[in-house]
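Me: Hey, can you walk me through this one? I've got it open and don't know where to begin.
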Amino acid sequence: MIERKEYMDRLIGYRDKHVIKIITGIRRCGKSTLLALFQQYLLEDGVSPENIIMVNFEDYDNRSLCDQGALHDYIKAHMATKGKTYVFLDEVQNVPEFQRVVDSLYLRKNLDIYLTGSNAWLLSGDLATLLSGRYVEIEMLPLSFKEYITAVGAGDLSRHYIKYLENSSFPGALEFVGNQKHILGYLQGVYDSVVLKDVVGRYKIVDTMMLESLIRFAFDNIGSQLSTKSISNAMNADSRKIDVKTVERYLRALMDSYILYQAKRYNIKGKQYLKTLEKYYAVDIGMRYLLLGQRSTDVGHILENVVYLELLRRGYQVYIGKVDELEVDFVAMALGGRIYYQVAATVREKATLERELAPLRKISDHYPKYILTLDEDPDADYDGIRKIRVLDWLIGNA
């Protein structure tokens, strides 16, 4: 099992705190493995196996526990008589009205509760109302570039980066490294599972062909400013009739299922969040290759996608920056400050470098500013704007 250190550290930090730990993320990103790693940590720390209750609701053997009453009774019957009992409910959204069970269990101070789910609706509606202020969310993504290298071994970073994109960031794809046909087959299975179970099934979508057309369109336009109106117009012009409300509904379903991420715009000078022309990013470039094939001309947008997801992993809220009429690729916000990033495949040509520097130079505050590039050149500094190799940044060496 691949160590997911950042996520493990967060779980360890929340251990025994009287809050419900909810791990969310797309199917097959590693949530179940993370629970297994954490349970192993507990056992090594002296917790008895009798103090651990684990239920995976994707396991057909546990079908009877998908009844909320049966689940509640099962956990009560298996609670340890001494010490803290750790309760792990994997893919808990498969239990109708599971929130009532969780709300009841939360009342017991001798329980430490951990949930996972593959759809953002898990944290909406009744659960959010019942447990407001009593849970923490850990948003999980597939493997980072650094985690991928940890799994496959040291080597040339540039070559690893290409394979990271081709082989997919889903942990399960590592079993098929070296066999692209098997990797694509694995990704097709993940994709079908997400689309059928978490999108079509959950949102009662009838026109699956139109949904797939929208997914392909969004994946083909990662890093481009889009609106529901522009998407509708573009698809209608391509003889795929879809109205704005349907586009909005489908996009929400895709984002709720973590197959697609939205970055809103932020006016840096006006300090305002803008409501139009968002950008969208795919959860995994390998899945994008599955749907669209490999297109070398997309190098810049693919790199932008990788950087966006990495910023999310590092705990930032990420926006597209607007400064006058220019754009900053990413404004990464966290408590206490922000960081500005420009992302470019190469800035070796002077005109390209000046274009990337221009919006950052217009920002008058003193927060850090970076240009991230694939160029294998020495780091440089342009009046406080640092240019660094993105592959070093991705593995934490810059």
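Reply: Sure, let's begin with T24, which sits in strand β1 (residues 20-24). Keep in mind that this is a predicted model.

Me: Is T24 buried or exposed?
Reply: T24 has 0% relative accessibility, so it counts as buried.

Me: And what does T24 touch?
Reply: Leaving out residues up to four places away in sequence, T24 touches K31, G117, L122, L123, E137, I138, E139, M140 and Y258.

Me: OK, new topic. How many aromatic pairs are there in the whole structure?
Reply: A search of the whole structure turns up 16 aromatic pairs. Take F38 and Y41: their ring centres are 5.8 Å apart and their planes are at 20 degrees, so this pair is stacked.

Me: Where are F38 and Y41 in the chain?
Reply: They are in helix α2 (residues 31-44), 3 residues apart, so about one helical turn separates them.

Me: Why would that spacing matter?
Reply: An α-helix has 3.6 residues a turn, so residues three or four places apart point the same way.

Me: Which of the words buried, partly exposed or exposed fits F38, and which fits Y41?
Reply: F38 is buried, at 0% relative accessibility. Y41 is partly exposed, at 25%.

Me: What about Y266 and Y273, stacked or tilted?
Reply: Tilted, because the planes of Y266 and Y273 are at 55 degrees, with the ring centres 5.0 Å apart. Y266 is buried at 4% relative accessibility, while Y273 is partly exposed at 49%.

Me: Going back to F38 and Y41, which aromatic cluster are they in?
Reply: They form one with F88 and Y114. Y114 also has a charge over its ring: the charged end of K21 sits there, 4.8 Å from the ring centre.

Me: What lies over the face of W393?
Reply: That's R314, at 4.1 Å from the ring centre of W393.

Me: Let's switch to the nonpolar core. Which residues touch the most other members of the largest one?
Reply: I259 and F330 do, in a core of 94 residues. Helix α8 (residues 180-203) gives this core its largest share, 10 residues.

Me: So what does I259 touch?
Reply: Not counting residues up to four places away in sequence, I259 touches I26, Y191, V194, F219, L254, Y281, A282, V283 and M287. Another core, of 23 residues, lies apart from the largest one, and I22, L65, V87 and F98 are among its members.

Me: Why do nonpolar residues group like that?
Reply: As a general point, nonpolar side chains in soluble globular proteins tend to be buried together.

Me: L254 was in that I259 list. Which residues of α11 are buried?
Reply: In α11, the buried ones are V247, Y250, L251, A253, L254, M255 and D256. Their cover includes α8, α9 (208-220), α10 (228-237), β6 (260-267) and β7 (272-282).

Me: How far apart are the end C-alpha atoms of α11?
Reply: They are 18 Å apart, which agrees with the 18 Å that the 13 residues of α11 (residues 244-256) should span at 1.5 Å a residue.

Me: Now N305. Where is it, and what is it in contact with?
Reply: N305 is in helix α13 (residues 299-313), and it is buried, with a relative accessible area of 1%. Setting aside neighbours within four places in sequence, N305 is in contact with I222, Y281, A282 and I285. N305 and A282 are 23 residues apart along the chain, and 7.0 Å separates their C-alpha atoms.

Me: Last helix: which residues of α14 are buried?
Reply: T352, L353, E356, L357, P359 and L360. Looking down the axis of α14, these buried residues fall within an arc of 160 degrees, so they line one face of the helix.

Me: What's on the other side of α14?
Reply: K350, A351 and R355 are there, and they are exposed.

Me: Which elements help cover the buried residues of α14?
Reply: The cover includes β8 (317-323), β9 (326-334), β10 (337-344), β11 (369-373), β12 (380-382) and β13 (385-389).

Me: One more: what is the phi of E97?
Reply: About 55 degrees, a positive value although E97 is not a glycine. E97 lies in the loop between β3 (85-90) and α4 (98-106).

Methods
Residues are numbered from 1 along each chain as its sequence is written. This is a predicted model: local features need pLDDT of at least 70, side-chain atom pairs count only at pLDDT 80 or more; totals for chains, interfaces and linings use all residues. Side-chain values use heavy atoms; hydrogens and water are left out. Buried means under 20% relative accessible area, exposed over 50%, partly exposed in between (1.4 Å probe, protein chains only). Helices (H or I, at least four residues) and strands (E, at least two) are DSSP runs, numbered from the N terminus. The arc is that of the directions from the helix axis to the C-beta atoms. Contact means heavy atoms within 4.5 Å. Rings of Phe, Tyr and Trp (its six-membered ring) pair if their centres lie within 6.5 Å; planes under 30 degrees apart count as stacked, over 60 as edge-to-face and the rest as tilted. A charge sits over a ring if NZ of Lys or CZ of Arg is within 6 Å of the ring centre and within 35 degrees of the ring normal. A nonpolar core is a set of buried Ala, Val, Leu, Ile, Met, Phe, Trp, Tyr and Cys residues joined through side-chain atoms within 4.5 Å. The expected span of a helix is 1.5 Å times one less than its number of residues.
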